[in-house]
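Trainee: I am new to this structure and should like to examine one part of it closely. Please show me the model before I put my request.

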Amino acid sequence: MSASPRADGQPAGGGRGTPPHHRRRYDVIVVGAGLSGTLVAKRLGDQGWRVLVLEAGTGTLDTWPGHLDAMNTYYAAAAKVPNSPYRPNAAAPSPDVLDLAGLPDGGFRASGYFVQNGALPYGSDYLRANGGTVMHWLGLTPRMHPEDFAVRRTFGYGRDWPLGYADLESHYRAAERQLGVAGDAQEQSEAIGLPFPEGYVYPMHRIPRSYLDDVVAAKIDGVPVQESADSPGTTLRVVTTPHARNSVPDARYDGGRGYRPAGAAGLPNYGERCVGNASCVPICPVQAKYNPLKTQATWDSRVTLVTRAVVSRVLADGNGRAIGVEYQAYDDPAAPVHTTHTAEADIVVLAAHAIENAKLLLVSGLAGHSGQVGRNLMDHPVLLTWGLMKHPVGPFRGPASTSGVESFRTGPARKRRAPFRIEIANWGWGWPAASPGSDVARLLGITGDSGQPRGRGVFGEELRRRLGGGIGRQFSLQFELEQEAEGRNRVTIDPRHRDRLGNPRPVITYDLSDRVKRGMAAAKAVSDRVFGLLEAEDRTVYGPGPFSPGHFRFEGQDFAFNGAGHGAGTHLMGDSRDSSVVDHWQRCWDHPNLYAVGCGSMPSVGTSNPSLTMAALALRSSERIHRDLTELHRPVTVRTGGGDRTAASRVPGPAPSPHSHPQQEVRP
Amino acid sequence: MDGFVDVSVGLTGFDSFDLHATGVAALYLETALDQVGTEAFERFLDELDAAGGDPGRLEGETSRDIARAITHLWYLGVWPQLARSVHTALGREKANVPFTVSPEAYTEGLVWRTFHGHPAGAKAPGFGTWSDPPPGAPPVPRVTAAGRPVGKPEEDREEEFQGDIS
Ligand SMILES: Cc1cc2nc3c(=O)[nH]c(=O)nc-3n(C[C@H](O)[C@H](O)[C@H](O)COP(=O)(O)OP(=O)(O)OC[C@H]3O[C@@H](n4cnc5c(N)ncnc54)[C@H](O)[C@@H]3O)c2cc1C
Ligand code: SF4
């Protein structure tokens with residue numbers, strides 16, 4: 001137990017853990033050092049504001065030894081799920097996909113951090129450690145389609161954004177620079193209809209397609225398929241996906257100035273190319289995949305990061321202004337004992353992940369006017385299909401997915417059913433069937449239940465041959481469906497369910513609408529057609545059972561879905577304080593100096609993996625926060641140290657002002 | 001040790017050179033002895049001998065399950081759960097749970113080699129290698145729908161180097 005949490009990790013950029021947080025005011029407090037919090041802190045620190053970043057998790061991953069420890073934990077993990085490399089933390093628990101188990105006759109059981117009481121399970125995790133969930137993301141960074149921002153106006157379902165693609169376009173570019181995106185803008189524009197400024201190229205050339213992508217493209221490109229007997233044909237086309245992953249820099253970028261990839265945090269000049277480790281989820285060994293620690297390494301020294309600091313409440317005055325936060329500092333994540341502190345600032349930014357942001361607002365009793373806090377929880381429900389190709393396709397090589405089929409993301413069919421993106425999965429049956437481990441066990445006759453009689457098993461040459469011939473031909477498709485905002489899907493808190501530090505655990509109520517289920521039925525029909533074109537042997541089966549917590553029946557057919565990790569919607573933005581939690585700057589309607597940033601602000605998620613859009617929004621909000629702070633800080637005259645020059649302090653910047661440093665007793 | 005590797009050749013279908021080269025053979029022998037005890041292990045060796053060295057012909061369920069476990073270990077680096085009946089018959093005082101023997105054991109798993117792969121997260125083959133056909137697969141033309149031929153990564157790289165030099 002200590003009065004001030006100690007800094008762990010090497011100071012790379014920014015200051016770490018000093019000085020004692022509770023004795024000083026800051027311009028901004030950012031809650032959470034994941035992707036959105038890291039970007040906001042980066043922007044505001046660069047503009048001269050003093051930023052305190054409070055991070056609930058530990059900061060062990062930002063050193064090279066800490067990263068190697070995570071690698072070894074991953075190698076040794078029995079189930080290589082997204083959170084497997086990262087050590088459990090009792091002070092800031094994370095949900096885990098292993099917390100869910102299907103029941104023999106359908107339905108599911110949830111254990112662990114989340115309390116789940118919905119008809120279907122919310123099947124996504126996140127990570128509470130410095131760097132956040134992006135430490136184990138896959139790194140796909142497609143933009144949303146312009147029509148995704150206005151689904152209610154255009155198609156009559158869900159919620160509309162208070163802004164559109166055009167408002168966000170320059171921020172998309174800024175995010176693509178910050179994250180280091182490799183992609184082919186011309187192809188994105190031709191194939192998907194995404195508008196880019198004339199001549200725009202991504203920072204890096206697209207990630208090379210997998211051999212599997214080429215095999216699929218050769219069979220399906222240009223072929224029209226019908227998703228049902230009465231629907232018009234949709235033309236298939238394999239399109240490479242933009243990635244936040246280091247590829248070959250494009251010399252044309254930035255008006256010919258080019259782009260220098262960011263290397264690993266803790267070991268710069270390493271990881272400047274993706275070398276095909278094929279473990280992006282859950283951890284990239286060389287850190288060729290973007291993670292927020294790379295941005296943290298470039299933080300201005302005015303950014304102070306305090307890890308092991310769990311924010312428990314946002315503090316507000318009687319007029320609805322946020323004055324700061326209360327947080328719990330601890331030393332030992334295994335047996336946490338905490339001390340409680342407060343920190344104050346002019347502006348508070350919640351960036352703790354969609355579910356944790358909503359939880360913090362609920363605990364603090366803030367932003368409640370619209371009644372929407374915690375509601376409209378969305379994810380991209382994922383339908384997997386899998387099979388065997390006629391010849392080897394090289395599974396388990398390269399990034400998990402390098403291309404997709406984007407033809408079902410847009411268009412009038414959205415009036416009836418959820419749209420979807422199809423990811424061509426390079427890692428065999430890794431996700432749907434835990435291959436290749438399950439293949440070895442099955443051939444050896446080892447059953448999942450040790451009480452069941454075992455098969456005789458095959459050994460030696462035959463085992464080797466059968467594994468090689470089978471695994472080498474594995475492939476799968478991942479259909480990511482848009483889920484629309486629905487008030488009934490929600491995060492709540494219940495004083496009976498608390499974690500070790502006494503903070504409420506998220507209580508989740510989740511289900512899929514019929515429109516999502518119709519989308520899944522359409523996705524399965526498309527899958528059947530694609531498998532036919534590929535002349536592939538379909539091995540897809542959906543049924544209840546321990547590994548299918550997401551099993552359901554719809555119109556006489558069995559389905560099973562997974563979570564994508566894309567939690568969103570819990571503090572959605574809108575154009576009215578009566579129906580939304582934040583405005584288009586992600587600023588709480590009820591509290592002008594309290595922001596909630598992240599996917600939680602998204603009123604609709606389209607079919608794109610959401611983090612690039614989230615990053616664009618965070619950068620956009622940083623502009624507004626900067627303006628807010630500038631307005632709060634009137635220019636003052638200060639004497640610069642070491643000389644007798646008197647200079648008007650730079651605005652924007654760290655201008656001492658009565659508002660931000662009362663303890664310094666500066667009187668203009 | 002050599003005896004263990006000889007037996008493992010029959011179990012795995014990999015030759016002794018490959019097995020020695022993993023560097024984990026001694027660790028696996030130790031693990032197997034530790035997990036099932038010297039007595040059961042010796043019995044397994046004897047029965048395997050009697051079956052002409054062919055694990056497929058092992059009849060005793062205990063020896064057969066030991067054969068499964070050692071093979072599983074070689075292929076994945078993971079000692080599996082034993083059949084409950086075998087666990088009981090051996091009177092084991094350990095928890096009957098699967099575990100990865102060591103981080104290296106995972107990366108040395110033989111399963112990846114059966115299809116010319118590499119362990120996920122280790123022994124990275126290099127940028128763009130995933131674009132090439134794996135052994136035994138036919139080449140496929142690399143053309144986008146718009147008919148625009150797309151360069152192989154090597155060519156992209158070359159372009160880039162040219163750009164750097166000029
Ligand atoms: C397996 C997986 C794969 C994914 N792949 C992709 C992909 O390919 N493309 C894509 O776009 N998206 C992907 N995502 C989604 C992406 O990870 C999230 O959208 C993104 O991480 C959200 O960023 P965030 O900053 O809002 O939250 P997070 O990244 O979760 O960061 C929140 C931070 O806040 C901290 N925190 C939480 N509570 C508190 C508290 N009370 N006090 C202080 N700090 C707190 C956490 O410790 C964490 O560091 C994936 C997700 C998963 C799970
Ligand atoms: S394929 Fe490998 S090197 Fe490339 S990002 Fe994924 S894990 Fe990193």
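Trainee: Which residue in strand 19 of chain A does A:Q116 stand opposite? Please describe that part closely, and then set out its surroundings.

Mentor: The residue opposite A:Q116 is A:I508, in strand 19 of chain A. Please bear in mind that this is a predicted model. Strand 19 of chain A covers residues 507–509, and strand 6 of chain A pairs with it in the parallel sense over two bridges. Both strands belong to an open sheet of three strands in chain A, whose order is 6-19-18 and whose pairing is mixed. At the edges of this sheet are strand 6, residues 115–116, and strand 18, residues 490–492, each of which pairs on one side only.

The confidence of the prediction should be considered next. The average pLDDT of chain A is 92, and 91% of its residues score at least 70. Residues 1–12 of chain A, however, have a pLDDT below 50, and the model gives this stretch 34 contacts beyond near neighbours in sequence. Another such stretch is residues 638–668 of chain A, where pLDDT stays under 50 and the model has 50 contacts beyond four places in sequence.

Turning to the interior, the largest nonpolar core comprises 78 residues, and A:L54, A:W161, A:L179, A:L350 and A:L594 have the most contacts inside it. Beyond its neighbours within four places in sequence, A:L54 touches several residues, including A:I29, A:V30, A:V31, A:V306 and A:Y327. Another core, of 69 residues, lies apart from the largest one; among its members are A:Y74 and A:L140, together with B:F115 and B:A122. In soluble globular proteins, nonpolar side chains tend to be buried together.

A record also marks out a region of chain A. In an unreviewed entry, UniProt places the feature "domain: Glucose-methanol-choline oxidoreductase N-terminal" at residues 298–382 of chain A. That span is 13% helix and 41% strand, and its end C-alpha atoms lie 35 Å apart.

Chain B, finally, contains nine helices and two strands. Along its sequence the pattern is α-α-α-α-α-β-α-β-α-α-α. Chain B has 166 residues, of which 48% count as buried. Among contacts in chain B with a separation of 6 or more, 49% are between residues 24 or more positions apart. The area that chain B exposes is about 7500 Å², with 53% of it supplied by carbon and sulfur atoms.

Note on methods: Residues are numbered from 1 along each chain as its sequence is written. Chains are lettered from A and ligands numbered from 1 in the order in which they are written. This is a predicted model: local features need pLDDT of at least 70, side-chain atom pairs count only at pLDDT 80 or more; totals for chains, interfaces and linings use all residues. Side-chain values use heavy atoms; hydrogens and water are left out. UniProt positions are given in the numbering used here, feature names are shortened, and annotations may be inferred rather than shown by experiment. Helices (H or I, at least four residues) and strands (E, at least two) are DSSP runs, numbered from the N terminus. Buried means under 20% relative accessible area, exposed over 50%, partly exposed in between (1.4 Å probe, protein chains only). Contact means heavy atoms within 4.5 Å. Accessible areas come from the Shrake-Rupley method with a 1.4 Å probe; for residues, only the protein chains shown count as cover. Two strands pair if DSSP finds at least two bridges between them. pLDDT is the predictor's confidence in each residue, from 0 to 100. A nonpolar core is a set of buried Ala, Val, Leu, Ile, Met, Phe, Trp, Tyr and Cys residues joined through side-chain atoms within 4.5 Å.
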